[in-house]
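Student: I should like to understand how terms such as contact and pocket are justified. May we look at a structure together?

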Amino acid sequence: MTIAVCPGSFDPITSGHVDVVRRARGMFDEVIVAVARNAHKKYFFSDDERLSLAQGAVSDIPGVSVEFVDGLIADFAAERGAAAIVKGLRGAADYDAEQAMSLLNRHLSGIETIFIMGDPALGHVASSFVKDIASHGGPIADLVPHNVALALKKKVESQ
Ligand code: PNS
């Protein structure tokens with residue numbers, strides 16, 4: 001039984017994230033989406049919201065579960081017996097950010113990070129852009145799962 005952990009802020013989860021999770025599931029028996037905190041980010045959605053939006057977005061993919069991780073991803077992945085950490089890369093900027101994290105996670109746990117190249121059709125999809133478009137009332141239905149589109153609309157309207 002091979003397990004992969006897909007960590008991220010998921011603020012909110014996008015169709016690009018879901019594509020990476022689905023493709024990771026093609027290589028591992030079980031995939032755990034780890035909704036975590038980046039200490040340098042201020043989040044639009046609460047921890048609970050990020051968790052439940054991610055849960056809703058992958059609920060139709062067998063063998064994929066979602067957990068909130070309050071500590072280090074390296075510790076979580078080791079506790080779960082993960083064979084690898086899996087992340088998506090859209091381009092060079094992602095690579096720069098991910099390189100140090102992957103080496104630190106290996107330093108802390110011995111667990112390697114495997115990168116999946118993001119689908120070029122979704123390469124432009126970033127949580128930050130999606131929030132910006134939604135906050136201006138723009139269309140986001142093609143960029144995020146249906147449950148996320150509804151939640152973004154609701155959140156923007158309530159602000
Ligand atoms: O989607 P993001 O914001 O790029 O994800 C970054 C995240 C949340 C995966 C990263 O900040 C993280 O792993 N946070 C949990 C705490 C941790 O393990 N920090 C050490 C990273 S080397």
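**The ligand and its pocket**

Tutor: Please note that this is a predicted model. The ligand sits in the largest pocket.

Student: What makes it correct to say that the ligand sits in the largest pocket?

Tutor: The term requires that more than half of the molecule's atoms lie within 2 Å of the grid points of the pocket. The ligand is assigned to the largest pocket, so it fulfils this condition. Strand 1 (3–8) and helix 4 (92–109) are the elements that give two or more residues to the shell around the ligand.

Student: Why is the pair formed by Lys-41 and the ligand called a polar contact?

Tutor: A polar side-chain atom of Lys-41 lies 2.6 Å from an oxygen atom of the ligand. The limit for a pair of N or O atoms is 3.5 Å, and 2.6 Å is within it; therefore the pair is a polar contact.

Student: How do you know that Arg-37 and Ile-73 qualify?

Tutor: A backbone N or O atom of Arg-37 is 2.9 Å from a nitrogen atom of the ligand, and a polar backbone atom of Ile-73 is 2.9 Å from a ligand oxygen atom. Each distance is within 3.5 Å, so both pairs qualify. Of the 540 Å² that the ligand exposes when taken alone, the protein buries 81%.

Student: Which residues lie nearest the centre of the largest pocket, and how many line it?

Tutor: The lining comprises 49 residues, and Gly-8, Ser-9, Lys-41, Lys-87 and Glu-98 lie nearest the centre. Helix 4 gives the most to this lining, with eight residues. The volume of the largest pocket is about 1200 Å³.

Notes: Residues numbered from 1 in each chain as written. Predicted model: local features only at pLDDT ≥ 70, side-chain atom pairs only at ≥ 80, totals over all residues. Heavy atoms only, no water. Polar contact = N/O pair within 3.5 Å; in protein donor to acceptor, adjacent residues only side chain to side chain. Areas by Shrake-Rupley, 256 points an atom, 1.4 Å probe, with all protein chains shown as cover. 1 Å grid on protein atoms, 1.4 Å probe; cavity = no way out; pocket = protein on both sides within 12 Å on 5 of 7 lines; lining within 4 Å. Helix = DSSP H or I, 4+ residues; strand = E, 2+ residues; numbered from the N terminus. Points joined across faces, edges and corners; volume = space filled by probe spheres on them.
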